[in-house]
Amino acid sequence: MQILLRIDQALLAQRGSLMPWIPVCLGLGIGWFFLLRSDPGIFVLCLLALTLLVALPLTRCRDARAIVAWAILLIGLGFSAAQLRTSLVQAPVLSFRYYGPVEGRVIAMDRASSGAVRVTLDHVRLARVAPGKRPARVRLTLAAGSNSPAVGATVATTAHLMPPQGPSEPGGFDFRRYAWFNKIGANGYTRVPVVVLQPAQSGLYLHRFRYRLSQAVQRRLGPKTGGFAAAIIAGDRSGVAPEDLQALRASNLAHLLAISGLHMGLLTGFVFTVLRFSLCLIPSIALRLNIKKISAGAALAVGAIYLGISGASISTERAFIMVLVLFMAVLLDRRALSLRAVSVAATLVLLRRPDTLMSPGFQMSFAATTALVAVFGWIRTQQLAVGPAWLRPVLTVIVSSAVAGAATAPFGAAHFHVLSHYGLIGNVLAVPIMGLVVVPAAVLSLCLAPFGAEQVGVFFLQIGLEWILGVAVWVAAFPHAQSGVVMPGHWVLPIFTLGALVVLLWQGRLRWAGLGLIGFSIAVWGQANRPILLVSANGALVGVLTPQGRALSRANSQGYTAKSWLAADGTLVSHREAAQRWTALSQDSDIWVSGRRIVHITGKRQAGEFVNCHAADLVIANTALTPEGSCQVLGPDHLRRSGSIKMARDGTLVTANELAGNRPWSRP
């Protein structure tokens, strides 16, 4: 922190501090690294080092040259941090499709998008695979109805494994990059029961405690609210019912499931407030000790414990760093809630995990925090009263929900392609209950559990969670509760973010120029064009854009890919409805796209029947195909090299691997 403060003093402009721009510069360097199509070579690294050496002496200047020099150094630091992190997490990745016995130790458990239970294994053993080529971690989706093994148990099964899959469409979310930074070298599924070879005996003590705590909470509260309680207490979302999850998403309350800044802030704030108030009632302590700092230290310790028992996910770790900075400011007699504190937290997160910059969790978390601190700081500076005193708590909740919702909505829409229209209503009705009932009740029940008196807290905890789920179901049932949002271009979100940061962080009148950047990004977003043709990475699904929407070639295949395509189109239709469009089109005539006749071949039978083709045909097949004629064939061999494919409106074909480039996570 002292280093950051010294940097801040060097970046002092004529008006205000430029410290909030430190994570922005780091983010530019990290973003530059991830946008490269190939790994930086010796020439790029030497050029970067030379630039940093030239910029370093300029940091001692007393004019604008120092600001430029520090910006260059921070951008270089971000680039270097991303390069280092990429090298440190390197682990073997499966290079072929595997079917056979799989053994490993369960280290995590969650649910797939289909609702099936999914486990992550380490200490992996695969038949006929050398130890040096075995993935460090494997993620398996279990068969429906199979028993979930305990965390820490060594299990065995027969499974289908494959390398982490690339984007469902060129330019889309690349799961390979996510898997690389989590050391997941393969993912797949099993259709047979999992056999426990050895129960959990040693190691993974914290993981096993979390699992037992989650199971105990679910048994005590029942299936309806038990899964919700386990998610916010132990970070285990595997018990949340799919219908409840969908209602929470439609009402914009799904953020209550992920342990983030809200949960960490409510918990530590509750502990800080209760302890400080309690110590004030003891004169001998209140008059002799600094109870504010004692309470801050205790709250920080509770936050660290919560970080451990909740699984220390990236979002929880990010929230704890923010809380750490906040209470350290209290201990150092500095203002806790300030943009300087937010920038310190963001800097620490980016230096520790540079890859989180690309995640929606990081972007939405710090967007909400920055906007809230900036808006309430402005209200405090202007000495504005948020309504009369008796109504102020309610209005504060409304204002904070509106500000956080407005700040996170563009990022949520860009990543998830959906917008919840009544999220403000849901958050106003649910978030206060989370803070006033659920969090205190959870703390009370955990404190009383060793004495067998946890039922008092459990009673109020269940009432609070039932209220939140009821609000979610009620809001989700509103007409047109959600609408689809088309996927923006790659530069839309960075330009929007830069404009928002200029508005929130700049000190002079030039800050309003950021509104121009925001308006420009929204205008470009509104002109986004979707590909007229999409082909999945294995050739099993084809999507054609029609005036009625996307038509899909199959109704019972590639569910995740189909869902991703339709969401990116900004539509909320189902996979089956989109397949019916294809059926209607193919019954009337052949399907033509940009002067090409689209032929989709699935299975060996269709491949055997397809013999002749013409120059205008574009044939997509998920099996080997050698027709006679001059048509273009996109078969398994071609798709294995290219990944998913899209066709622009001018007829140009673009592949996913072409856009991803030659990076460690995208190499075959």
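A residue counts as buried when its relative accessible area is under 20%, as exposed when that value is over 50%, and as partly exposed in between. The structure described here is a predicted model. By this cut-off Arg663 is buried, because its relative accessible area is 1%.

## Salt bridges

The model contains twelve salt bridges. One of them joins Arg663 to Asp39, with 2.9 Å between the closest N and O atoms. Arg663 belongs to the segment after α23 (656-660), whereas Asp39 sits in the loop between α2 (22-35) and α3 (42-58), so this pair ties together parts that are 624 residues apart in sequence. While Arg663 is buried, its partner Asp39 is partly exposed, at a relative accessible area of 28%.

Another salt bridge links Asp355 with Arg85, and here the closest N and O atoms are 3.2 Å apart. Asp355 is found in the loop between α12 (339-352) and α13 (360-381) and Arg85 in helix α4 (residues 64-88), so parts that are 270 residues apart in sequence are tied together by the pair. Asp355 counts as buried, with a relative accessibility of 13%. Arg85 is buried as well, its relative accessible area being 17%.

Asp590 and Arg597 also form a salt bridge, with the closest N and O atoms 3.7 Å apart. In this pair Asp590 is partly exposed, with a relative accessible area of 44%, and Arg597 counts as buried at 18% relative accessibility. The three pairs are set out below.

| Residue | Partner | Closest N and O atoms |
|---|---|---|
| Arg663 | Asp39 | 2.9 Å |
| Asp355 | Arg85 | 3.2 Å |
| Asp590 | Arg597 | 3.7 Å |

Salt bridges also connect Glu169, Arg530, Arg550 and Asp569 into a network.

## Nonpolar cores and helix packing

In soluble globular proteins, nonpolar side chains tend to be buried together. In this model the largest nonpolar core has 48 residues, and those with the most contacts inside it are Phe228, Ile233, Phe327, Leu461 and Leu465. At least two residues of this core come from each of α6 (205-234), α7 (242-250), α8 (261-280), α10 (291-309), α11 (314-331), α15 (423-448) and α16 (455-476). Helix α6 supplies the largest share, nine residues.

Leaving out residues up to four places away in sequence, Phe228 touches Val240, Leu256, Leu257, Leu465, Ile468 and Leu469. Apart from the largest core lies another core, of 29 residues, which includes Ala82, Trp180, Leu350 and Val373.

Helices α6 and α10 pack against each other at an angle of about 85°, and their axes are 8 Å apart. The two helices α6 and α10 are therefore roughly perpendicular to each other. On the α6 side the contact is made by Leu206, Phe209, Arg210, Leu213, Ile232, Ile233 and Ala234, and on the α10 side by Tyr306, Gly308 and Ile309.

## Strands and sheets

Strands of a sheet pair through backbone hydrogen bonds, either parallel or antiparallel. Strand β5 (residues 184-190) is mostly covered, with six of its seven residues buried. Five bridges pair β5 with strand β3 (residues 137-141) in the parallel sense, and Thr141 has Tyr189 of β5 as its bridge partner. Strand β4 (residues 154-162) runs antiparallel to β5 and is joined to it by four bridges; Met162 stands opposite Asn187 in β5.

An open sheet of four strands, with mixed pairing, follows the order β12-β13-β14-β15. Its edges are formed by β12 (591-593) and β15 (632-634), each of which has a single partner strand, so one side of each is left without a neighbour in the sheet. From one strand to the next, the twist averages 30°. Strand β12 pairs with β13 (residues 596-601) in the antiparallel sense over three bridges, and Val593 stands opposite Arg596 in β13.

## A buried loop residue

Ser557 is placed in the loop between β11 (549-552) and α19 (559-568). Ser557 is buried, with a relative accessible area of 13%. Its contacts, when neighbours within four places in sequence are left aside, are Ala540, Leu541 and His575.

Note on methods. Residues are numbered from 1 along each chain as its sequence is written. This is a predicted model: local features need pLDDT of at least 70, side-chain atom pairs count only at pLDDT 80 or more; totals for chains, interfaces and linings use all residues. Side-chain values use heavy atoms; hydrogens and water are left out. A salt bridge is a side-chain nitrogen of Lys or Arg within 4 Å of a carboxyl oxygen of Asp or Glu. Buried means under 20% relative accessible area, exposed over 50%, partly exposed in between (1.4 Å probe, protein chains only). Two strands pair if DSSP finds at least two bridges between them. A nonpolar core is a set of buried Ala, Val, Leu, Ile, Met, Phe, Trp, Tyr and Cys residues joined through side-chain atoms within 4.5 Å. Contact means heavy atoms within 4.5 Å. Axes are lines fitted to C-alpha atoms, for helices over the stretch in contact, and angles run from 0 to 180 degrees between N-to-C directions. Angles under 35 degrees count as roughly parallel, over 145 as roughly antiparallel, 65 to 115 as roughly perpendicular and the rest as oblique.
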